[in-house]
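Open the model in your viewer and keep the selection panel at hand. This tour moves from the whole chain to a helix, then a loop, then a pocket.

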Amino acid sequence: MNPSRAVHPTRLRLIVLTAVLAVAGLLAATTQAASARTGGHHVFRWGGGTKPTIVLEHGAWADASSWSKVIRQLQEDGFTTYAPPNPLRGVSYDTNYLTDFLSTIPGPIVLVGHSYGGFVITNAATGNSNVKALVYVDAFIPDQGDTLLSLLNNSGSCLGGNPANVFNFAPYPGAPPGDVDTYIKPSVVPGCFASGLPPSQAAVIAATQRPLAASTLLEPSGTPAWQTIPSWAVVGTADHVIPPALLTSMAKRAGAHITDVNAGHLSMISDPETVAQVIEQAAQATS
């Protein structure tokens with residue numbers, strides 16, 4: 001009898017057992033990964049119809065990278081997503097810039113704004129039949145004639161008080177007489193604009209902030225798109241820039257669907273899961 005042939009059944013059993021264990025391990029790892037994703041990211045199911053394009057408008061003293069975590073989740077769920085730059089030159093200028101950008105997108109749009117970006121989307125969506133929903137994330141929701149200054153006045157914002165104690169000022173090319181760029185002082189950013197985030201992250205935000213032209217504070221908003229377009233609002237209950245009472249009152253005035261989140265002014269960074277869910281709820285409503 002050939003000994004090598006005699007051991008084949010045993011070797012075969014070992015091979016089969018190893019394969020079974022490997023498959024079981026793979027299934028367990030897959031199940032764990034799915035569970036982890038379900039635990040860390042909601043399960044999204046599209047209800048049918050054409051998926052809208054998501055357009056994210058950042059606010060003052062920020063840039064499009066502030067949407068990075070939200071964009072990742074929206075893209076994972078199959079949404080075409082754009083985060084165009086906000087020039088931060090003034091309500092009219094910034095509105096026209098976004099209006100032109102939106103004109104390049106066919107089909108339905110969900111338009112999202114953060115902070116001052118709420119002014120821009122409120123005006124840019126007016127008259128655009130493709131915009132089916134507005135989402136305000138810790139954002140201004142202005143009515144006609146409102147200005148940034150009129151809304152923030154006596155609100156308790158951490159950006160209030162003596163401007164020289166809050167902002168650094170810098171000239172910029174082509175500025176109207178008396179206008180300047182405003183930067184939040186790095187010492188103010190951690191406890192105000194970036195409250196609730198790690199100090200190291202707040203320091204990066206302070207260093208990379210994009211300035212807002214000071215004249216923007218006095219420029220009135222036009223006819224609000226939320227009068228004819230359904231809206232949603234994320235309200236950071238620990239927001240120091242736009243206090244929660246102001247966020248809530250503006251959202252109620254617009255008839256927005258309100259979601260409270262335990263976050264500061266940058267909830268799309270500190271709680272992107274909730275922000276993405278609200279955007280997707282708005283998207284579902286368009287189908």
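Select the whole chain and colour it by burial. Of its 287 residues, 46% count as buried in this predicted model. Switch to surface view: the accessible surface comes to about 13400 Å². Carbon and sulfur atoms own 59% of that surface. Now go to cartoon. You should find 11 helices and 9 strands. How much of the contact map comes from residues 24 or more positions apart? Among contacts in the chain with a separation of 6 or more, such pairs account for 74%.

**Stop one: helix α4**

Select residues 91-102, which form helix α4. Put a distance between the C-alpha atoms at its two ends. The 12 residues of α4 reach 16 Å from first to last, close to the 16 Å expected at 1.5 Å a residue.

Show the side chains of Val91, Asp94, Thr95, Leu98 and Leu102 in α4; these are buried. Turn the view until you look down the axis of α4. The buried residues fall within an arc of 100°, so they line one face of the helix. Then add Tyr93 and Asp100. Both sit on the other side of α4 and are exposed.

What does the buried side of α4 pack against? Select these four elements to see the partners of its buried residues:

- strand β1, residues 53-57
- strand β3, residues 109-114
- helix α5, residues 117-124
- strand β4, residues 131-137

**Stop two: Ser129**

Stay with two of those partners, α5 and β4. The loop between them holds Ser129. Is Ser129 buried or exposed? Its relative accessible area is 57%, and exposed means over 50%, so Ser129 is exposed. Next, select Ile109 as well. Ser129 and Ile109 are 20 residues apart along the chain, and their C-alpha atoms are separated by 9.2 Å.

**Stop three: the largest pocket**

Finish at the largest pocket, which has about 460 Å³ of space. To centre the view, select Leu149, Leu152, Leu159, Phe167 and Leu217. Of the 25 lining residues, these are the closest to the centre of the pocket.

Which elements supply at least two residues each to this lining? Select 148-152 for α6 and 167-170 for β5; each does so. Helix α6 gives the most, with 3 residues.

Methods: Residues are numbered from 1 along each chain as its sequence is written. This is a predicted model: local features need pLDDT of at least 70, side-chain atom pairs count only at pLDDT 80 or more; totals for chains, interfaces and linings use all residues. Side-chain values use heavy atoms; hydrogens and water are left out. The expected span of a helix is 1.5 Å times one less than its number of residues. Buried means under 20% relative accessible area, exposed over 50%, partly exposed in between (1.4 Å probe, protein chains only). The arc is that of the directions from the helix axis to the C-beta atoms. Contact means heavy atoms within 4.5 Å. Accessible areas come from the Shrake-Rupley method with a 1.4 Å probe; for residues, only the protein chains shown count as cover. On a 1 Å grid over the protein atoms alone, a cavity is a set of points where a 1.4 Å probe fits but cannot get out, and a pocket is an open set with protein on both sides within 12 Å along at least five of seven lines; lining residues have an atom within 4 Å of a point. Grid points are joined across faces, edges and corners, and a volume is the space filled by probe spheres set on the points.
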